[in-house]
Amino acid sequence: MSRTVYVNGNFVDEADARISVFDRAFLFADAVYEVSAVIGGAMIDNDAHLARLRRSLDALGMHMPCEESRIAAIQNELIRRNALDEGAVYLQVSRGAADRDFKYPKNATPTLVSFTQARRIVDDPVAERGIDVVVVPDLRWKRRDIKTVGLLAACMAKQQALDAGADDAWMVENGMVTEGTSNNAHIVTGEGGIVTRQLGNEILHGVTRAAILELSHREGIDVQERAFSVEEAKAAREAFITSATTFVCPVVRIDSQPVGDGRPGPVTRRLRQLYIEMARAEAARSKSDAVAR
Ligand code: PDD
């Protein structure tokens, strides 16, 4: 079924959406993006996604193309027009179109694009069985905290994982895990605490990661924010990933080696459950707010 997408002020059929060949997203990956989960027709933690969008734009000397509330209205209108119940809303801002030149153009108008993708998130069978990851070198640039559309190294790592019969890759730099190709990486120690890499330029500051750390604190689960090695991950009791499109998903094998007993573990399952409850509560609140308006 054809979707309605948003391009620069217009809601159009995806077949009719047009972007200039001179758009800097196309020529230089000079664009940033966000992916927000949708559950029960409502976005989850979208304010945090829009705050990170602003941070990414700031880092590249770009401005928000419009007020956050206007962006959220566009996202919600896309959800409505596409009757999206569960999945994601993708949002991208590029510096705009200008004749090809490395320097930032002075007067380009930012390009704002958004579209929806339907997918199962809550009752995802992959989260039930857990995923296999392989370890690959991190070939990305040094500002991974900026959520740019320059994702080719991540695509290469993902494809390498699939070619090896796994589901995803954990990227490694100087022997330490940075993150998954499109998710943050976490392990559970023998004592039942969580270890996850500290924030910095080496990883994306995940919105789901932040929510899970908050939930862990509330649950009395110990959290250490520090780098961990591949060896430590392989010897961990549990491992999992977080992202807007997977929530909390168990990692049951690393380089074909079972993590713990090779099945999703209790800490991971508990955090996934808690996060789903939180997301459902937020969706219910958004729905009742929308009815009240
Ligand atoms: N990816 N690390 C990387 C490299 C990511 O691309 C993502 C998200 C995350 C998790 O961030 P968050 O919890 O805010 O979704 C971590 C999105 C889902 C994507 O590119 O499709």
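**Helix H8 and the nonpolar cores**

In helix H8, the buried residues are Val267, Thr268, Leu271, Arg272, Leu274, Tyr275, Ile276, Ala279 and Ala283. The helix itself runs from residue 266 to residue 292 and holds 27 residues. From first C-alpha to last, H8 reaches 39 Å. That span is close to the 39 Å expected at 1.5 Å a residue.

The structure is a predicted model. Mean pLDDT over the chain is 97, and 100% of the residues score at least 70. Confidence is lowest in H8, where the mean is 94. Strand E10 (residues 184-188) has the highest confidence, at 99.

Nonpolar side chains tend to be buried together in soluble globular proteins. In this model, the largest nonpolar core has 23 residues. The members that touch the most others are Ile44, Ile212, Phe240, Phe247, Leu271 and Tyr275. Two or more residues come from each of strand E3 (31-39), helix H6 (207-219), strand E14 (247-254) and H8. H8 gives the largest share of this core, 7 residues. Both domain 1 (4-118) and domain 2 (125-279) supply at least three residues to the core.

Phe247 shows these contacts at the level of one residue. Neighbours within four places in sequence are left aside here. On H8, Phe247 is in contact with Arg272, Tyr275, Ile276 and Ala279. Its other contacts are Ala37, Ile39, Ile121, Val122, Thr208, Ile241 and Thr242.

A second core is separate and contains 19 residues. Among them are Ala185, Ala233, Val251 and Ile254.

Terms used: Residues are numbered from 1 along each chain as its sequence is written. This is a predicted model: local features need pLDDT of at least 70, side-chain atom pairs count only at pLDDT 80 or more; totals for chains, interfaces and linings use all residues. Side-chain values use heavy atoms; hydrogens and water are left out. Helices (H or I, at least four residues) and strands (E, at least two) are DSSP runs, numbered from the N terminus. The expected span of a helix is 1.5 Å times one less than its number of residues. Buried means under 20% relative accessible area, exposed over 50%, partly exposed in between (1.4 Å probe, protein chains only). A nonpolar core is a set of buried Ala, Val, Leu, Ile, Met, Phe, Trp, Tyr and Cys residues joined through side-chain atoms within 4.5 Å. Domain bounds come from an automatic or database domain assignment. Contact means heavy atoms within 4.5 Å. pLDDT is the predictor's confidence in each residue, from 0 to 100.
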